[in-house]
Amino acid sequence: MSVEPPVSIQPGTPSLTEFPAWKALSSHFKAIRDKHLREFFADDARRGERFTAEAAGLYLDYSKNRITAETLRLLVQLAEECGLQKRIAAMFEGKPINSTERRAVLHTALRAPRDAQIMADGINVVPEVHAVLDRMTTFANELCSGGWRGHTGKRIRNIVNIGIGGSDLGPVMAYEALRAYSQRDMVFRFVSNVDGTDFREATRDISPEETLFIVCSKTFTTTETLANAHAARQWMLDAFDDARAVSKHFVAVSTNTVEVSDFGIDPANMFGFWDWVGGRYSMDSAIGLSTMIAIGPQNFRSMLAGFHAMDEHFRTTPFDRNLPVIMGLLAIWYNNFFGSETLAVLPYDQYLKRFPAYLQQLAMESNGKQARLDGFPVNYQTSQIVWGEPGTNGQHSFYQLIHQGTRLIPCDFIGFCQTLNPLGNHHDLLMANLFAQTEALAFGKTSEEVKSEGTPDWLCPHRTFPGNRPTNTILAERLTPYTLGTLVALYEHAVFTQGAIWNIDSFDQWGVELGKELAKRIVKEMAPMGDPNLKHDSSTNALIRRYVGCRDGGGITG
């Protein structure tokens, strides 16, 4: 690879903080930063209707944010000055906007209709995408109908997905989110951690004769994934003592035909994807094979349609009515002006219990960067720390900090008007809690209100809620495969919006490499005949020696 920088990178471009809109926002922030949401709502009786947007079945209420119409106008101006529209167009046109790796970023092609045309390096990639989808569909149908059988002729009833990062977080999140639509007579497990406990627990109660492993690794060299894949292969061989069994109990999602074949997987059972699919954007590619098997090809394609609907909304809608852009701009507002460092994502649906973890990688791996596209250091804060748990569980855990702590924590609440599991008045109670939390966070409870309830003066400070805590509320009719697609795409594009404004590459992840390189060196040093002359820092050297001594039965010694 050439070491020359891409032509598209213009060195020495102005810092974001020098843009006119940024300076105007800084002045505007000083003018309204202390204004309370109580005042915002008192000033505008229709605020709860005005500060909303709707698209692709999602309704966004962002009225409980510490903004005015002028704030939104200036944030949109900032997006325009930063060239967001050009960046959006470049992504959808297949230009190499992943500058450091010289790659196009075309996860949007994974959910494009069959008759669409999306070019990368002069080639329309859509036919290739649908060819893989068609192969996935054929395989999923054959497997679920019992046409595909294991080495001893038994039907496959257990699917174990082996991957890590985007090859695990996406599939496991989608499976949990869409479990209501899944094949209930099949078992789905997900192995990612190189800790042997993960593999042992995933396979402890299932039969090798009825198990299919899906090994997800683009290069088929990912250390953790290959360690687990080889453990799975040995587990299978221990049961059958016949290497031919591998071809009936393993398939691969990869681009490395040689390594896949050497492992024992028939290349005919390898499902490919492309360099322009980043790991954290791959759940709707062949990486989603386990998802398709679980929910069926028709539901999988419905999910893709949801993705595409949000893609088109993002691509074509003016910024002031564009859901991903609005959410991305609000993140900029709190992160860079209020100094808020985290975002809590709070889905009021148990099926979305893994959604915050999925968004952690999406946001923090994408925008956890310290260098601009031109290589100059940023002089402003980039990615927020994303975290969260489903409601109402979180209310009895960390909401105390959000309500009365000293940190400002913006929150995204996600809810559905209809439940997939009606049970008494449970869903009304669930949604009442969602609405109550956003109201409480916004308006709080004054000391006067607390005193009027007869609270003693000494106790009033402890029972007062400051409020003025910003929230977004996202509502949809119900959690369907289509809705999940719209939700994921909403956050994908909100993250992209932030990265474009920060002038960083949201699609590389060099930060994960150093630890991997050092681990490869250290694991050799820990081998029985490893290098006794460790050349790390004194702390790392001592830790390695202590571990090896204890592991080998010598007790914990320095």
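Which residue stands opposite Leu-475 in β13? The answer is Gly-415, and the points below place this pair in its surroundings.

1. Nature of the model and overall dimensions. The structure discussed here is a predicted model. The protein has 558 residues and a radius of gyration of 26 Å, which agrees with the value near 24 Å that a compact globule of this length would have. Taken along the principal axes, the C-alpha atoms fill a box of roughly 75 × 65 × 60 Å. Of the 558 residues, 53% count as buried.

2. Secondary structure. The protein comprises 22 helices and 13 strands. Two groups of strands deserve the reader's attention and are taken up in turn: the neighbours of β13, and an open sheet that includes β7 and β8.

3. Strand β13 and its burial. Strand β13 covers residues 471-476, and 6 of its 6 residues are buried. In a regular strand, side chains alternate between the two faces of the sheet. In β13, Thr-471, Thr-473 and Leu-475 point one way, while Asn-472, Ile-474 and Ala-476 point the other way. Both sets are buried.

4. The partners of β13. Strands of a sheet pair through backbone hydrogen bonds, in either the parallel or the antiparallel sense. Strand β12 (residues 411-416) runs parallel to β13 and is joined to it by 6 bridges. Strand β2 (residues 58-61) runs antiparallel to β13, with 3 bridges between them. Leu-475 takes part in both pairings: Gly-415 stands opposite Leu-475, and Leu-475 is also the bridge partner of Tyr-59.

5. The open sheet. A sheet of 5 strands, paired in parallel, has the order β6-β5-β7-β8-β9. Its edges are β6 (187-191) and β9 (270-271); each has a single partner strand, so one side of each is left without a neighbour in the sheet. Within the sheet, β7 (residues 211-216) and β8 (residues 250-253) pair in the parallel sense over 4 bridges. One position in this pairing is Val-215, which stands opposite Ala-252 in β8.

6. The largest pocket. The largest pocket holds about 1100 Å³ of space. It is lined by 39 residues, and the closest to its centre are Thr-222, Gln-509, Val-512, Glu-513 and Lys-516. The elements that give two or more residues to this lining are α7 (166-177), α9 (223-240), α15 (355-367) and α21 (513-525). Of these, α21 gives the most, with 4 residues. By type, the lining divides into 12 nonpolar, 16 polar and 11 charged residues.

7. The largest cavity. Rolling a probe the size of a water molecule over the atoms shows where empty space is left. A search of the whole structure finds 3 cavities of 30 Å³ or more. About 240 Å³ of space lies in the largest cavity. Its lining has 24 residues, with Ala-331, Leu-343, Gln-384, Asp-412 and Gln-498 the closest to its centre. The elements that give two or more residues to the lining are α14 (323-337), β10 (342-347), α15, β12, β13 and α20 (481-502). The paired strands β12 and β13 of point 4 are thus named again here. The lining consists of 16 nonpolar, 7 polar and 1 charged residues.

8. The second largest cavity. This cavity has a volume of about 50 Å³. Its lining is formed by Leu-110, Val-129, Val-132, Leu-133, Met-136, Trp-274, Asp-284, Ser-285 and Ala-286. These residues divide into 7 nonpolar, 1 polar and 1 charged.

9. Cysteines. How many disulfides does a search of the whole structure find? The search finds 0. Two cysteines may be described by their surroundings. Cys-460 has a relative accessible area of 3% and is buried, because the cut-off for that class is under 20%. Cys-550, at 39% relative accessibility, counts as partly exposed, because its value lies between 20% and 50%.

10. A buried helix residue. Ile-88 belongs to helix α5 (residues 84-92). Is Ile-88 buried or exposed? Its relative accessibility is 0%, so Ile-88 counts as buried. From Ile-88 to Phe-443 the separation is 355 residues in sequence and 37 Å in space, C-alpha to C-alpha.

Note on methods: Residues numbered from 1 in each chain as written. Predicted model: local features only at pLDDT ≥ 70, side-chain atom pairs only at ≥ 80, totals over all residues. Heavy atoms only, no water. 1 Å grid on protein atoms, 1.4 Å probe; cavity = no way out; pocket = protein on both sides within 12 Å on 5 of 7 lines; lining within 4 Å. Points joined across faces, edges and corners; volume = space filled by probe spheres on them. Nonpolar A, V, L, I, M, F, W, Y, C, P; charged D, E, K, R; others polar. Disulfide = S-S within 2.5 Å. Buried < 20%, exposed > 50% of the residue type's maximum accessible area, 1.4 Å probe, protein only. Pairing = 2+ DSSP bridges. Rg over C-alpha atoms; globule rule 2.2 N^0.38 Å.
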